[in-house]
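Reader: I should like to learn how the strands and helices of a protein model are read. Where may we begin?

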Amino acid sequence: MEQTLSSYYIFYVVADCGNISKAAAKLYISQPAVSKSIQKLEGSLGCRLFLRGSRGVVLTEEGSVLYAHVKSAIDTLSRGEEKIRRSIDLGTGHLKIGASSTLCKYVLLPYLKDFIKEHPHMNISIKCQSTSKTLQLIQEDKLDIGLIGLGNQELMHMLQFDYILDIEDLFVATKQYLYHLQLRGVSEHEILQNCSLMLLEKNNITRQYIDEYLQKNKIVIRECIDASSMDLLIEFAKIHLGVACVIRQFVEPELADGSLIEIPLPAPIHKRSIGFVYKPQRKTTLTMEKFLSFIQK
């Protein structure tokens with residue numbers, strides 16, 4: 001395209017008005033400037049676009065061909081502008097969020113429930129996967145924001161972390177399972193070494209955090225059952241399958257009613273921080289501004 005969009009828009013307005021002076025008034029530029037722009041466009045295309053008469057101008061055959069294409073382009077641009085204005089007025093936008101299935105269920109969903117009430121026209125996509133995968137997709141600009149628990153600091157390079165709460169890991173089992181361990185002569189300080197221990201899969205950051213705790217405290221595990229989600233660990237524990245490592249906040253009802261019992265530990269497991277992570281430049285988008293403003297409330 002040899003000419004600027006402004007040249008084509010001036011041509012479009014002149015054609016609609018049928019008069020150069022009226023077009024100049026509508027465009028808020030001088031009549032000579034309009035005439036010069038038309039002449040330049042005609043020179044570039046190598047043909048006349050208007051026939052000039054005492055009452056104004058009319059399109060030539062070539063001008064009519066060009067007008068049809070220019071009008072289509074301007075109509076498309078106008079629809080785009082209107083769509084953007086409507087999007088801003090309605091608060092629409094697209095937000096892509098990543099989180100583990102556990103954090104999605106217990107932490108993200110309550111936020112989204114209230115956020116959607118305030119922004120019903122917002123389009124939200126959620127991808128559930130490991131924290132490592134969430135961080136990778138954010139680095140690759142395939143996600144806008146992720147909900148994670150702090151763990152592998154190497155994956156946090158050049159990312160912003162907005163803290164929302166602390167979580168606490170603990171080991172739980174049923175009274176019945178602990179009773180059977182007691183019948184086998186296992187004291188409460190030897191439970192982890194002699195039970196069927198149920199943990200998240202090895203690629204999970206929570207699992208890596210717990211493995212470090214066990215290793216640091218020289219707790220050797222004889223038997224381990226891997227599960228893909230925290231929900232499964234909780235349900236496995238409730239059917240007396242073994243001792244599960246879970247997050248305190250997610251089993252508070254079971255701890256309160258006694259269906260699950262907390263296992264005493266030789267040393268406390270330090271709490272971990274949960275928060276939303278994103279690239280700082282993402283904060284400048286209108287959609288992200290709305291979401292971050294909401295969660296900070």
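Author: Let us begin with one pair of residues: Asp162 stands opposite Phe276 in S12. Please keep in mind that this is a predicted model.

Reader: Which strands are joined by bridges here, and how do they run?

Author: Strand S6 is joined to strand S12 (residues 272-278) by seven bridges, and the two run antiparallel. Another position along S12 is Ser273, opposite which stands Asp166.

Reader: How many bridges join S5 to S12?

Author: There are four bridges between S5 and S12, and these strands also run antiparallel. Within this pairing, Gly149 stands opposite Ile274 in S12.

Reader: In what order do the strands of the open sheet lie?

Author: An order is read from one edge to the other. Here five strands make an open sheet in the order S4-S3-S5-S12-S6, with mixed pairing. At the edges stand strand S4 (122-128) and strand S6 (160-167); each has a single partner strand, so one side of each lacks a neighbour in the sheet. With direction ignored, neighbouring strands of this sheet are turned by 20° against each other on average.

Reader: Is S12 largely enclosed or left open by the rest of the structure?

Author: A residue counts as buried when its relative accessible area is under 20%. Six of the seven residues of S12 are buried, so this strand is largely enclosed by the rest of the structure.

Reader: Which strands does helix H6 lie across?

Author: Helix H6 (residues 131-139) lies across strand S3 (93-99), S4, strand S5 (145-149) and S12, and runs at about 150° to S5. Helix H12 packs on the sheet as well, touching S3, S4, S5, S6 and S12, and its direction makes about 55° with that of S3.

Reader: How is the crossing of two helices described, for example that of H5 and H12?

Author: One states the distance, the angle and the handedness. The axes of helix H5 (residues 101-118) and helix H12 (residues 286-296) come within 11 Å and cross at roughly 120°, which makes H5 oblique to H12. Their crossing is right-handed. On the H5 side, the contact is made by Tyr111, Leu112, Asp114, Phe115 and Glu118; on the H12 side, by Lys290, Phe291, Phe294 and Ile295. Of the residues in this contact, six are nonpolar, none is polar and three are charged.

Reader: What is the strand order in the open sheet that contains S7?

Author: That open sheet of five strands has the order S9-S8-S10-S7-S11, and its pairing is mixed. Strand S9 (223-227) and S11 are the edge strands, each pairing on one side only.

Reader: Which strands does S7 pair with, S10 and S11 among them, and how do they run?

Author: Four bridges connect S7 with strand S10 (residues 243-247), running antiparallel, and Val172 stands opposite Ala244 in S10. Two bridges connect S7 with strand S11 (residues 261-262), likewise antiparallel; there Ala173 stands opposite Ile261. By contrast, strand S8 (residues 196-200) and S9 run parallel and are joined by five bridges, with Asp226 in S9 as the bridge partner of Leu199.

Reader: Why is S7 described as largely enclosed?

Author: Five of the five residues of strand S7 (residues 169-173) are buried, so the rest of the structure largely encloses this strand. Both faces are covered, with Asp169, Phe171 and Ala173 buried on one side and Leu170 and Val172 buried on the other. Helix H10 (residues 230-238) lies across S7, S8, S9 and S10, at about 140° to S10.

Definitions and conventions:
Residues are numbered from 1 along each chain as its sequence is written. This is a predicted model: local features need pLDDT of at least 70, side-chain atom pairs count only at pLDDT 80 or more; totals for chains, interfaces and linings use all residues. Side-chain values use heavy atoms; hydrogens and water are left out. Axes are lines fitted to C-alpha atoms, for helices over the stretch in contact, and angles run from 0 to 180 degrees between N-to-C directions. Angles under 35 degrees count as roughly parallel, over 145 as roughly antiparallel, 65 to 115 as roughly perpendicular and the rest as oblique. A crossing is left-handed if the near helix is turned anticlockwise from the far one by less than a right angle, and right-handed if clockwise. Contact means heavy atoms within 4.5 Å. Ala, Val, Leu, Ile, Met, Phe, Trp, Tyr, Cys and Pro count as nonpolar, Asp, Glu, Lys and Arg as charged, and the others, Gly among them, as polar. Two strands pair if DSSP finds at least two bridges between them. Buried means under 20% relative accessible area, exposed over 50%, partly exposed in between (1.4 Å probe, protein chains only).
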